[in-house]
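Please open the model in a viewer and follow the stops below in order. Each stop names a selection and then describes what is found there.

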Amino acid sequence: MTANGRAHHLHLDESDVGGYALLPGNPDHVADIAALLDEPVFVARNREFETWRGSLAGETVVVTSTGVGGPSTALAVEELAALGVDTMIRVGVSGSMQPDTRNGELAIVTGAIRDEGTTKQYLPVEFPAVATIEVVRALQEAADAGGVPYRCGLAHTKDSYYGETEPERMPLASALVERLDIWRRGGAVCSEMETAAVFIVGSVLNVRTGSVVMMWSGDAVRDGGPAPAVEPLFATAVEAMRHLVSARGAAGVAGRSVGVA
Ligand SMILES: O=P(O)(O)O[C@H]1O[C@H](CO)[C@@H](O)[C@H]1O
Ligand SMILES: O=c1cc[nH]c(=O)[nH]1
């Protein structure tokens, strides 16, 4: 935190947030996700971190972009948790790892392969990066209710986008191709760049976490095919958060008050 109580990178203070955050990687996705909340307002932007705030069922929900990869994602999770957010869902786009994936199918991520560097500075690699079960359930319920196709499973989280999408081009080609094949044969469903950091930093800071990503089929990424529409992804994440807000309210757990201007 800075001396004036604002988070160093996110440029937010406690009055800006509540208990819930949706975390796209892409700053260009923030306003579109926030538009699905009640009374969305722009709050702050610094570096790759843009934040909007709104509400769901009367509780404050923020949408904050994490930027690409583990380092910026870890500090977004750290600073939001320090301000009081205890439930976070990553909302992103990924490649698919399995050949039968339909372009635009969602992956509801249950755990992440930690093929990146950031989380190793938190916990040894034997420690699993896993989602919180009630967040997974809320995402499943939201996708079922919206009729959005999805599968549940493991994400491969990496540091190099081109190391995954064009491994043959790298001096390390044979090792990269072999490792991607190992993750695929082990059943990983998607490959992206932030989920492991959300899950591991969330574990350390006692934050409930989940992750939902829209999968491009592998060919679409390599051939420059069209990106799948992101609206079903955004709607699923927002509806899942609404379930989580409502479930906590029904359980009588004190929520944070709405601070929408
Ligand atoms: O759509 P976002 O959330 O940015 O996610 C994916 O897109 C970026 C790579 O193009 C990486 O951040 C990857 O994880
Ligand atoms: O293949 C892909 C597509 C989107 N994002 C990734 O990280 N990988």
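## Helix H5

The model on display is predicted. Begin by selecting helix H5, residues 173–185: its 13 residues, at 1.5 Å a residue, should span 18 Å, and the C-alpha atoms at its ends are indeed 18 Å apart, so expectation and model agree. Now move to glycine 187, which follows H5 and has a positive phi, near 105°.

Return to alanine 173, a residue of H5. Is alanine 173 buried or exposed, or something in between? Alanine 173 counts as partly exposed because it has 13 C-beta neighbours inside 10 Å; a residue is called buried at 20 or more and exposed at 12 or fewer. Apart from neighbours within four places in sequence, alanine 173 is in contact with Pro167 and Glu168. Select alanine 7 as well: the two residues are 166 apart along the chain, and their C-alpha atoms are separated by 40 Å.

## The whole protein

Now zoom out and colour the model by secondary structure. The protein has eight helices and 10 strands. Its C-alpha trace spans about 50 × 45 × 30 Å along the principal axes. For 261 residues, a compact globule would have a radius of gyration near 18 Å; the protein has 18 Å, so the two agree. Buried residues make up 50% of the 261 residues. Of the contacts with a separation of 6 or more, 79% are between residues 24 or more positions apart.

## Strands E6, E8 and E9

Select strand E6, residues 106–115, together with strand E8, residues 150–158. These strands run parallel and are joined by nine bridges. To view one pairing, display isoleucine 113 and its bridge partner in E8, histidine 156.

Next add strand E9, residues 190–192. How many bridges join E8 to E9? There are three, and these strands also run parallel. Here threonine 157 stands opposite glutamate 192 of E9. While the strands are displayed, a general point may be noted: in a regular strand, side chains alternate between the two faces of the sheet.

## The surroundings of ligand 1

Keep glutamate 192 in view and select ligand 1, since the next stop concerns its shell. The residues that surround ligand 1 are Pro24, Gly25, Asn26, Val68, Gly92, Val93, Tyr161, Glu192, Met193 and Glu194. Sorted by class, the shell has five nonpolar, three polar and two charged residues.

## Helix H6

Continue along the chain to helix H6, residues 195–205. Why may H6 be described as largely enclosed by the rest of the structure? The reason is that eight of its 11 residues are buried. To inspect them, select Thr195, Ala196, Ala197, Val198, Phe199, Ile200, Val201 and Gly202. Just after H6, asparagine 206 takes a positive phi of about 60°.

## The hairpin of E2 and E3

Select strand E2, residues 38–46, and strand E3, residues 49–56. The two strands run antiparallel and are joined by six bridges. Within this pair, alanine 44 stands opposite threonine 51 of E3. The hairpin has two residues between the strands, and arginine 47 takes a positive phi near 50°.

Glutamate 39 is found in strand E2. Its phi is also positive, about 50°, although glutamate 39 is not a glycine. Glutamate 39 is exposed because 11 other C-beta atoms lie within 10 Å.

A further residue to select is histidine 11, in the segment before strand E1 (20–24). Histidine 11 is not a glycine, yet its phi is positive, about 60°. With 18 C-beta neighbours inside 10 Å, histidine 11 counts as partly exposed.

## Alanine 240 in helix H8

For the final stop, select helix H8, residues 231–250, and within it alanine 240. Is alanine 240 buried or exposed? Alanine 240 is buried, because 27 other C-beta atoms lie within 10 Å. Not counting residues up to four places away in sequence, alanine 240 touches Ile89, Ala138, Leu139 and Ala142. Finally, display glutamate 178: this residue and alanine 240 are 62 residues apart along the chain, and their C-alpha atoms are separated by 36 Å.

Definitions and conventions
Residues are numbered from 1 along each chain as its sequence is written. Chains are lettered from A and ligands numbered from 1 in the order in which they are written. This is a predicted model: local features need pLDDT of at least 70, side-chain atom pairs count only at pLDDT 80 or more; totals for chains, interfaces and linings use all residues. A residue is near a molecule or strand if its C-beta atom, placed from the backbone, lies within 6 Å of it. Ala, Val, Leu, Ile, Met, Phe, Trp, Tyr, Cys and Pro count as nonpolar, Asp, Glu, Lys and Arg as charged, and the others, Gly among them, as polar. Helices (H or I, at least four residues) and strands (E, at least two) are DSSP runs, numbered from the N terminus. The expected span of a helix is 1.5 Å times one less than its number of residues. Two strands pair if DSSP finds at least two bridges between them. The radius of gyration is taken over C-alpha atoms; the globule rule is 2.2 Å times the number of residues to the power 0.38. Two residues are in contact if their C-beta atoms, placed from the backbone, lie within 7 Å.
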